[in-house]
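Here is a short tour of a sheet and a ligand site, written with the bench in mind. Have the structure open as you read along.

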Amino acid sequence: MSTRDATLTQARELTHFIGGKQVRGADAKSGGRFGEVFNPTTGDLSGRVPLASKAETEQAIANAEAAFREWAATSPLARARVMFRFKELVEKHLEELALLISSEHGKVLSDAKGSVQRGLEVVEFACGIPHLLKGEYSDSVSAGIDVYSMRQPLGVCAGITPFNFPAMVPMWMFPIAIACGNPFILKPSEKDPSCPQRLGELMLEAGAPPGVLNVLNGDKEAVDTVLTDPRVHAVSFVGSTPIARYVFSTASMSGKRVQALGGAKNHMVVMPDADIDVAADALMSAAYGSAGERCMAISVAVPVTDRTANELVEAMTPRIRKLKVGSSIDAASEMGPLVTREHREKVKGYIDLGVKEGANLVVDGRDFSLKKHPKGFFLGGSLFDKVKPAMRIYKEEIFGPVLSVVRARTFDEALALPSDHEYGNGVAIFTRNGDVARNFAQKVSCGMVGINVPIPVPLSFHSFGGWKSSIFGDMYQHGPEGVRFYSRIKTVTARWREGVKPAANFGMPTMK
Ligand code: NAD
């Protein structure tokens, strides 16, 4: 047996979680396919994840559909109680969930815990579902006629999620969908599937009936089945822009509701009056936290005037060189490895490209390696200065620990950069001038704006979403938009008028 075969045999075999049970994928002899899961710190294969076939996906949809009627008829208060118990269970298992994330994604434990916490905030929001689903009532709109509206569930909903937040992004979706009365199929990223699987088990333990939350592992075959199966009524997607565009067009052609969030290139404008040390510290966590694999990571710094740019680059350079890059489970690490070898090579390729395009590589993280784990998927932090808007390293999403500095001469030039960029997810401005900050927030063409806040992720009771190529569809994640997305309005017009029989009237009914 070769070393590779031996490692493959040692790798843990993962399952789906369907109808309240762990379900093994079809074995290779019967045509089953598997993906490989790695520990990014060691570079070792850690698991084999089944990739659901069309037939397996259809079975998962059937299980979810079978749970619909009873779950939809369960009172919102009883559904909220499941969410309260789920919240307690996630809190109890926080360390375990964070460890699963770190050992498959590579982000450091404190970051992994923080991401679960941000997901839990959506669960807390979903605990208020009886209030959130309250309809509207108009009394006596005409003689003896009242009108009221209610929000009802849609049916089976599905969520397709990216590798970079294996707990938080699924938790943007399923707690609200389920609290609204819908069964849910979660198709997490095949790169880090263990934490989403555990969330499925915890929902069952919290009291969600079998089939209400199903976790189906897979790739394009499973996704395509979900996008076209008529039993699925709404699809939430978070991932890269080309796939978001594809998911949006395919699922909406099948008549489904779709919210599809895509990639990003988030800018942080630094005005000449900003405190440079404060801005540099904010940039460090926003650009290099989670190895830059966050959709709200800052990947472009826009200092206004050359003097601000020189000061900022001078402040950033030693900070990046001192960045503690290490094992994702070492408490001393500030930045862990990238998710896969392929992704590390892709990011490295962009750094090579930036050099070729003529940007000034001030800090080069390409040669970083960790003595203890030489096979780990590590990169050091990199910093480019004098990046120009025409360069590909500016136009494209790199999704790694690489920060580009694009120098602007004026506020208007700085405002135009994120506004004219293809992506419009998040943006930030650092300044001490309220007028400038307000003007920027009003005019910039991006969905989420931070004023002296580098990663302006809205809290769960607001909604999350960008503009332009960062979103397809028109309803955002969580908050009020999440409740609207996972429910539909029914409006009842009722006449109760004792002793009066209306005569036939063939005109269009109007209110007197
Ligand atoms: P991805 O688009 O490669 O994958 C996302 C999901 O789509 C996964 O579940 C994957 O299995 C599935 N998928 C991949 N290729 C597919 C195909 N051809 N057909 C059907 N399904 C397919 O994204 P990723 O690499 O996992 O995640 C990183 C991306 O996600 C980045 O672009 C990042 O900006 C983006 N992201 C955006 C947000 C946001 O809120 N806008 C949040 C997190 C991540």
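## A small sheet and a ligand site

In this predicted model, three strands make up an open sheet of mixed pairing, arranged in the order E1-E5-E4. Strand E1 (12–13) and strand E4 (33–39) are at the edges and have a single partner strand each, so one side of each lacks a neighbour in the sheet. E1 and strand E5 (residues 44–51) run parallel and are joined by two bridges. If you would like to find one of these pairings on screen, look for Arg12, whose bridge partner in E5 is Gly47. As general background, strands of a sheet pair through backbone hydrogen bonds, in either a parallel or an antiparallel way.

Now to the ligand. The ligand sits in the largest pocket, surrounded by 26 residues, of which the closest are Lys187, Glu190, Ser240, Gly262 and Glu397. By class, this shell holds 14 nonpolar, eight polar and four charged residues. Helix H9 (220–228) and strand E11 (232–238) each contribute at least two residues to the shell.

Which protein atoms lie 2.6 Å or 2.8 Å from an oxygen atom of the ligand? The table lists them by residue.

| Residue | Protein atom | Distance to a ligand oxygen atom |
|---|---|---|
| Thr161 | polar backbone atom | 2.8 Å |
| Ser240 | polar side-chain atom | 2.6 Å |
| Glu397 | N or O atom in the side chain | 2.6 Å |

On its own, the ligand has 850 Å² of accessible area, and the protein covers 88% of that.

Terms used
Residues are numbered from 1 along each chain as its sequence is written. This is a predicted model: local features need pLDDT of at least 70, side-chain atom pairs count only at pLDDT 80 or more; totals for chains, interfaces and linings use all residues. Side-chain values use heavy atoms; hydrogens and water are left out. Two strands pair if DSSP finds at least two bridges between them. Helices (H or I, at least four residues) and strands (E, at least two) are DSSP runs, numbered from the N terminus. A residue is near a molecule or strand if one of its heavy atoms lies within 4 Å of it. A polar contact is a pair of N or O atoms within 3.5 Å; within protein, one must be able to donate a hydrogen and the other to accept it, and residues adjacent in sequence count only if both atoms are side-chain atoms. Accessible areas come from the Shrake-Rupley method with a 1.4 Å probe; for residues, only the protein chains shown count as cover. On a 1 Å grid over the protein atoms alone, a cavity is a set of points where a 1.4 Å probe fits but cannot get out, and a pocket is an open set with protein on both sides within 12 Å along at least five of seven lines; lining residues have an atom within 4 Å of a point. A molecule sits in a cavity or pocket if more than half of its atoms lie within 2 Å of its grid points. Ala, Val, Leu, Ile, Met, Phe, Trp, Tyr, Cys and Pro count as nonpolar, Asp, Glu, Lys and Arg as charged, and the others, Gly among them, as polar.
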